[in-house]
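Colleague: Got a minute to go through this one with me? Let's put it on screen first.

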Amino acid sequence: MKKTLFALLFLFLIVSVQAQLKSPSEFLPNYGKQISQYHQVEAYFNQLMTASPNIKKQKYGVTNEGRDLNVYFISSPENLANLDLIRNNNLAAIGLSDTKTEKIGDKLIVWLSFNVHGNEFAGTESAMTVAYELLNPANASSKKELENRVVILDPCINPDGYSRYGNWLREISGKKTHPELSDREHMEVWPGGRFNHYMFDLNRDWAWQTQLETQQRLALYNEWLPQMHVDVHEMGYNSPYFFPPSAEPWHEYIEKYQKDFQNTIGAKISEKFDAENWLYNTRERFDMFYPSYGDTYPTYNGAVGMTFEQGGIGAGREVLLENGTTLTIKDRLTHHAKAVLTAVEVATSESDQLIKGFRHFMTNSRKTVKGEYKTYILKGNPKLEQMAVLLKKNKIEFAYADASQKSNGFNYQTQKSKGFTIEPNDLIIKVDQPKAVLTQVLFEPTQVLHDSLSYDITAWALPLAYGVEGYALKNTIAIKTKASIEVVAPLVPNSVYGFYIPWNNRISAQVLSLLHQKDIKVRSAMKKAVFGQTVVEPGGLIVSKADNPKLIDFEKTVSEIIKIKKDFNYISSGFTQNGTDLGGENFTLLKAPKIALLSGRGVGSTEFGSVWFYLDEVMGYPVSIVEAGNFNRLELNKYNTLILADGYYDFSEDQQKQISEWIKGGAKVIAMNNALSIFEDKLAYGLSIFESDEAKKSSEKEASDKLLKERFLDYQSSERRAISASIPGAVIENVLDITHPMSFGLGPVYYSLKTDDRHYSLLKKAINIAYVPINYKSYGFVGNDLKKKLNNTVSFAIEKKGKGEVIYMIDNPLFRGFWENGTLLFSNALFLVN
Ligand SMILES: [Zn+2]
């Protein structure tokens with residue numbers, strides 16, 4: 001028996017030794033010639049695990065389409081057996097964990113992310129080479145390196161987008177490649193593979209974490225907090241490789257050691273690229289400002305965060321470049337692997353510096369506060385429920401006031417310092433915490449922008465995004481706090497007249513969505529109504545027995561549905577103290593929207609995605625998605641709501657007439673951004689860029705004078721001149737018509753995130769729900785020429801047509817899914833306007 005056991009063990013050892021570490025090309029016959037399928041990528045990593053003791057897998061989630069999300073830890077076997085200790089020690093050193101052990105020394109933690117944009121696929125291909133080279137025993141320097149560091153490698157952040165692109169590319173591939181530019185291989189079909197399932201750009205989602213992939217990945221990321229993060233991308237195929245240092249603007253809170261390290265890495269990679277005679281560039285285009293990227297978010301969390309970019313989007317398998325050479329998958333992945341491996345090599349050789357810098361960043365920033373403010377206070381508001389979710393996702397510590405205290409601070413809404421009282425349930429965030437810098441970046445009213453040539457939005461202060469009264473304080477405060485707010489749902493008596501659901505955050509709309517789907521009739525208050533102890537604010541929902549006589553076990557059924565909204569209440573009578581009784585005109589019976597949303601060519605894919613995600617995931621509400629090209633097959637009379645996301649719609653005159661007639665019959669169109677051009681300056685509609693012919697003439701005169709002046713200006717500054725008319729993304733004050741349902745629950749002012757220069761004058765014969773007043777307040781960069789043009793322009797409006805209406809959304813309130821007050825505004829338009 002013993003003998004057989006020994007024989008088996010011996011055989012097992014032989015087999016283990018024989019499991020040879022295979023390179024990607026040994027394992028995948030088409031490696032570098034065709035995109036690998038996602039399951040092949042997973043199989044390759046599994047092969048590495050059977051052949052090497054230095055790699056370990058952790059599945060950290062599943063995508064919307066059911067694909068596994070994995071990271072691979074590459075380190076020494078001893079480190080791999082002690083990952084939890086290493087992780088905890090790293091967090092303990094910066095105050096984010098109490099458990100520290102001497103058993104294992106400091107390790108450098110390096111995180112490598114590939115393919116956040118699905119169609120930039122040479123990233124994932126290169127991840128296999130990078131992993132192989134880090135494990136390859138022939139690599140003499142690797143053993144000691146493996147002991148000193150842990151590499152966390154995520155070969156594909158966005159497997160759904162990667163697979164969408166890959167399926168398409170394989171589908172259209174012939175036996176020979178198609179390097180000619182006009183070949184369909186270089187023209188992706190709508191919506192393209194860049195985005196995730198819901199068409200969200202995952203490289204804009206790091207801080208907001210609206211998407212499933214980001215939520216699961218960031219939970220793991222925040223458990224580790226590496227010292228270096230490399231985010232591997234591709235860009236237009238003619239562009240030579242980009243590696244650090246990054247371009248201006250750099251956020252002023254980024255520390256010298258982070259900049260220095262980018263320089264060191266850039267210098268080393270450039271040496272390697274010089275030796276191969278490869279073209280590259282640094283310090284151009286990819287900046288370090290917006291906090292939700294794969295380079296900035298890690299940077300604000302103490303790491304050296306970097307973007308690497310290879311030319312490759314649209315390159316397919318092989319493409320002809322403007323210099324006459326061709327670019328293949330092999331070229332792209334080889335460049336990536338060289339750059340990434342060099343970054344790992346430099347980080348390893350300077351690991352002491354990196355660890356020191358990281359710890360200093362995380363521990364010192366809380367004492368030597370980088371910005372002007374040390375405390376942020378958000379006044380008690382039901383919207384803070386979502387704010388708390390966001391803070392927790394980012395491991396930002398906060399508490400609620402449990403006492404009252406007079407204070408003074410900068411008010412976000414008025415942009416003035418003023419006295420106010422901190423009251424119980426106000427949310428308090430102190431900068432004095434390990435995530436000091438991230439906290440400040442997300443809450444600072446004004447971010448210093450040293451260079452206005454940024455590729456992204458330049459303001460995002462969270463009190464404005466969430467529509468809650470907020471204050472930034474220059475001092476720390478001492479006040480009694482509590483960790484959470486108890487909202488106790490009322491005890492429902494056996495018999496009630498109706499239920500009241502306040503309309504004050506996204507959960508209100510989620511409840512209404514559920515009620516509509518159960519076919520339960522709901523009314524909404526146009527004005528305040530006082531039912532005994534229950535005060536119904538405008539927008540408040542009432543579910544009454546009178547409207548739902550057939551509902552079995554009314555009290556139990558309704559309270560079961562609405563319990564997710566903990567501040568719900570009940571009423572015992574339809575009589576009000578202030579004369580706005582339930583049976584009167586104050587309470588509108590709501591229509592359940594029956595929604596069609598157009599998709600397909602011409603429609604902005606992320607903008608379409610923001611609406612789809614809102615309906616499908618946030619509201620869980622049914623929607624028919626119809627290809628814009630199939631509009632003729634859409635039976636409009638089966639719907640009462642049509643949503644036109646940002647896009648260029650090619651409706652014929654007949655189709656436009658058909659839409660107009662359908663609206664007049666009682667339907668609603670929600671048109672966003674460029675979709676507004678369907679109605680702009682059309683006879684039957686009031687939407688116009690200029691308020692009068694004189695205004696149009698004077699604007700034309702101004703534009704022509706400007707052109708005359710520009711004749712004397714130089715060529716090289718033209719790009720900078722162009723930005724004076726632009727707005728890459730700023731936050732603009734809007735006056736609200738608070739009497740209209742579309743503004744219910746938003747508060748007295750609405751700060752809108754404006755991401756393009758489109759603007760319209762206030763509409764005549766329509767309701768201007770939200771408009772930009774003269775001398776409006778703003779946050780972020782607004783080009784000088786544009787600044788004055790935005791005075792008295794409308795951001796959201798409703799035009800009545802017959803029994804129906806068109807809702808104009810000049811700004812997209814669902815942009816990237818993180819503008820919480822925008823989510824409520826969109827819900828108002830969809831559910832309360834009828
Ligand atoms: Zn990218």
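Modeller: Sure, one definition to start: a charge sits over a ring if NZ of Lys or CZ of Arg is within 6 Å of the ring centre and within 35 degrees of the ring normal.

Colleague: OK, so which ring does the charged end of Lys370 sit over?

Modeller: The ring of Phe361, with the charged end 4.8 Å from its centre. Likewise, Arg217 has its charged end over the ring of Trp206, 4.6 Å from the centre.

Colleague: What should I know about the model itself?

Modeller: It's a predicted model: local features need pLDDT of at least 70, side-chain atom pairs count only at pLDDT 80 or more, and totals for chains, interfaces and linings use all residues. Residues are numbered from 1 along each chain as its sequence is written, and side-chain values use heavy atoms, with hydrogens and water left out.

Colleague: Switching topic, what are the protein donors of the zinc ion?

Modeller: His117 (ND1), Glu120 (OE), Glu120 (OE) and His233 (ND1), 2.0 to 2.3 Å from the zinc ion. Donors are N, O and S atoms within 2.8 Å of the metal (3.2 Å for Na, K and Ca); water is not among the atoms, so sites may look incomplete.

Colleague: And what spacing do the donors follow along the chain?

Modeller: H-x2-E-x112-H.

Colleague: Are Glu120 and His233 buried or exposed?

Modeller: Both are buried, meaning under 20% relative accessible area, where exposed is over 50% and partly exposed is in between (1.4 Å probe, protein chains only).

Colleague: What about Phe818?

Modeller: Phe818 has 4% relative accessibility, so it counts as buried. Trp819 is at 2%, so that one counts as buried too.
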